[in-house]
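Biologist: Could you walk me through how these chains meet?

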Amino acid sequence: AEAAAPDYESAELYTRSFRVGALGLSWRRLLGPPDLSLAAAAEEEEVDAAVAAALGCAPGTAAELRAVCSIDMLMSSEKEEDSDVIPEDSSLLTLRIRKKALDRREEKIIVDRACRQETLTYEMESHATGKRPDNPTDLIEEGELLLTLNIFYPVIFQKHKDHKPYQTVLVLGSQKLTELRDSISCVSDLQIGGEFSCQPDQAPEHISKDLYKSAFFYFEGIFYNDKRYPECRDLSRIIIEWSESHDRGYENLQSVKMEDYVFNDLSLKIGFPYLYCHQGNCEHIIIITDIRLIHHDDCLDRNLYPLLVKKHWLCTRKCFVCKMYTARWVTNRDSLAPEDPCFFCDVCFRMLHYDAEGNKLGEFLAYPYVDPGIFN
Amino acid sequence: MSGVPGLKEDFEELLGAFQQADTVRFERFAELWRERRFHTIFYGRIRALERNKLTKKTLDLAQQYFFPPYSFQIRVGALYLLYGLYNAQLCQPKQKIRIALKDWPEIQKFQLDLLDSQHYDAAYIFRRLRLARAFHFTAMPKLLTYRTKKKIEENYFKEEFKDPSNRVNSLITNDVLEELMNIHDHYQKMKCVISADKSQPDKALSLIKDDFVVSLKDITLEHQEWQQNRMELLRNSKVTNETEDKKKEEIFLQSEGSERANALARIKYKSYSAVVEVSKSRRHRQVQLESSESGSGCGKSPSRSKKASRRPQPARRGSSEVRGEMQVARETVTQHIGMPVIIEEDSDE
């Protein structure tokens with residue numbers, strides 16, 4: 001049956017729930033091969049006969065159209081224009097305002113160039129544009145769907161109260177949920193449990209990512225649990241039990257295996273917050289902001305997806321002593337430290353807390369520290 | 001997303017001029033575009049990141065004029081506008097025009113209308129855009145990020161709907177004044193009872209202004225009158241345009257649609273409907289507000305397209321036109337006698 005086109009459930013905010021794959025089907029049915037083509041070069045200009053046939057006009061008219069409707073009619077006929085220069089007496093309000101703003105900047109700013117955050121943001125946004133794989137089997141198919149997801153950070157800093165930082169990831173409709181799960185880099189995965197003040201050299205056996213492998217996505221009443229490894233537990237079970245224990249107003253919540261589903265299978269609302277939970281209690285809000293057909297200017301190498309196109313720059317905490325290196329240790333109840341907790345890089349930590357023989361000096365508790373900015 | 005400053009004005013000026021030119025021919029649009037050197041709209045020393053954002057917003061705004069409830073002529077103009085903007089942009093690779101699945105049937109219908117009416121230039125240009133793969137075929141027109149930001153539409157409504165709540169009137173209501181009066185009388189009576197002269201209170205007991213309730217009433221009344229006058233002022237400047245042009249609203253209102261679409265259409269329509277005095281050089285062709293034919297896609301040949309006899313103009317001049325009428329309105333406000341009927345906030349029109 002023909003599915004209805006997605007539309008708002010809450011005006012301008014989020015849509016009704018719909019099956020992702022159905023969107024792809026609907027579009028592919030309405031469009032023709034030229035629309036869906038991912039060929040690099042655009043079609044050559046049509047011959048007049050083809051135009052005449054398509055529009056139902058005379059070939060002479062087609063020739064006329066080609067001349068009259070040429071884009072040259074709208075472009076500058078003058079010699080090379082410098083697009084950096086706004087014409088002095090522009091009739092366009094946009095330009096007059098822009099010129100004023102630019103002039104103001106020139107007066108006030110000494111050096112006007114991209115800061116490193118801007119460079120990073122732009123690079124991330126555009127680095128994969130138009131990339132094609134060497135291996136043709138890795139080329140994305142025509143008619144593939146591209147989803148844009150905002151995955152929010154779980155880090156709770158006071159300064160992030162009003163604008164929670166997020167990453168933006170592009171994912172293909174034909175990709176499995178597990179591929180997205182594996183691509184999400186969260187600092188809590190790297191945590192190393194344990195107190196190591198007595199044995200600082202003992203490299204911890206496992207990071208949390210290896211120890212606690214369970215995770216789930218929650219979309220539209222279904223929990224998609226990662227069950228690829230024997231250690232994986234169903235983290236959603238307790239939630240489902242809770243909702244079933246009384247009439248709490250939730251419809252039948254289900255639990256299924258994450259690895260069995262691709263994004264095309266899901267029913268989703270665009271613009272509606274969902275959940276990704278891992279490490280037992282590390283929760284990320286996920287919002288699907290856009291779904292559309294793949295385009296020849298997108299990155300067409302399947303291996304690069306899920307593709308990270310935006311992330312939040314987090315300032316890393318520096319060592320209290322040298323103020324240069326990122327902190328790798330944190331101490332509590334440290335008799336040698338001026339603050340509690342106190343952060344140190346590896347070198348300063350050892351120099352302060354241990355003597356030349358490696359004996360522990362003073363009283364303290366030491367934990368390996370992974371800074372959230374580690375993914376910068 | 002905040003808009004690009006000045007962009008809406010420039011678009012509406014160009015589209016308004018196109019509408020006034022009374023044609024759907026691309027040639028005419030191209031003339032107007034070249035006159036304004038519209039291809040420079042992306043100029044200025046802008047770095048790549050900012051330029052991408054700016055171009056996306058520009059295309060997004062232009063795209064909105066391509067759909068109902070705008071009139072056929074405006075929609076054709078929007079198509080030409082998109083064609084120009086898409087090709088004039090400086091981004092590499094080019095930013096695309098987003099089309100949502102729910103809007104595609106509308107576009108199909110539009111295309112058929114174009115072909116039926118033999119507006120080949122418009123159909124050709126749409127075809128060119130499509131072959132150039134200038135579109136992103138999406139689920140929804142905009143990215144939805146669950147941001148509950150104030151939307152641009154709100155600005156439109158601010159014009160139409162009345163001003164926010166009248167705090168004074170909601171505090172000093174009829175009931176409040178009546179009760180104050182009662183208490184005041186009772187107080188006076190009490191004072192009399194304990195005074196030597198039973199007919200009036202002792203001088204020593206005179207601690208408040210006797211007429212304070214009446215003064216309060218007068219001040220509130222004054223405020224209310226001022227408020228009403230202000231509303232009349234605003235309303236009249238709209239009403240004169242509205243009553244004359246009500247029949248022409250058809251031109252903008254294509255669909256039976258929702259109330260909101262109608263309100264939006266009315267507001268957007270208004271920016272093209274104020275009357276201006278023609279310049280001296282064209283006195284022989286005074287502007288007349290005639291009723292034009294409505295409807296989409298009508299007119300078998302380009303030469304018979306609608307007569308648009310209104311010109312867009314800056315708001316300032318429009319209001320000066322109607323000032324004479326506003327004077328009259330002010331004088332006819334009735335004077336209240338005695339206890340005023342202070343209308344509660346909700347019952348105002």
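**The interface of chain B and chain A**

Modeller: Sure, and the rule finds six salt bridges across the interface of chain B and chain A, a salt bridge being a side-chain nitrogen of Lys or Arg within 4 Å of a carboxyl oxygen of Asp or Glu. This is a predicted model, where local features need pLDDT of at least 70, side-chain atom pairs count only at pLDDT 80 or more, and totals for chains, interfaces and linings use all residues. Residues are numbered from 1 along each chain as written, chains are lettered from A and ligands numbered from 1 in the order written, and side-chain values use heavy atoms, without hydrogens and water.

Biologist: Which residue of chain B forms a salt bridge with A:D297?

Modeller: The closest N and O atoms of that pair are 2.7 Å apart. A:D297's partner is B:K96.

Biologist: Which element gives the most to the side of chain B that touches chain A?

Modeller: Helices (H or I, at least four residues) and strands (E, at least two) are DSSP runs, numbered from the N terminus. Elements giving two or more residues to that side include α1 (7-20), β1 (97-100) and α6 (120-131) of chain B. With nine residues, the top contributor is α6(B).

Biologist: How much area do chain B and chain A bury between them?

Modeller: Buried area is the accessible area (1.4 Å probe) that two parts lose on being put together, summed over both. Carbon and sulfur atoms carry 62% of it here. The total for chain B and chain A is about 6800 Å².
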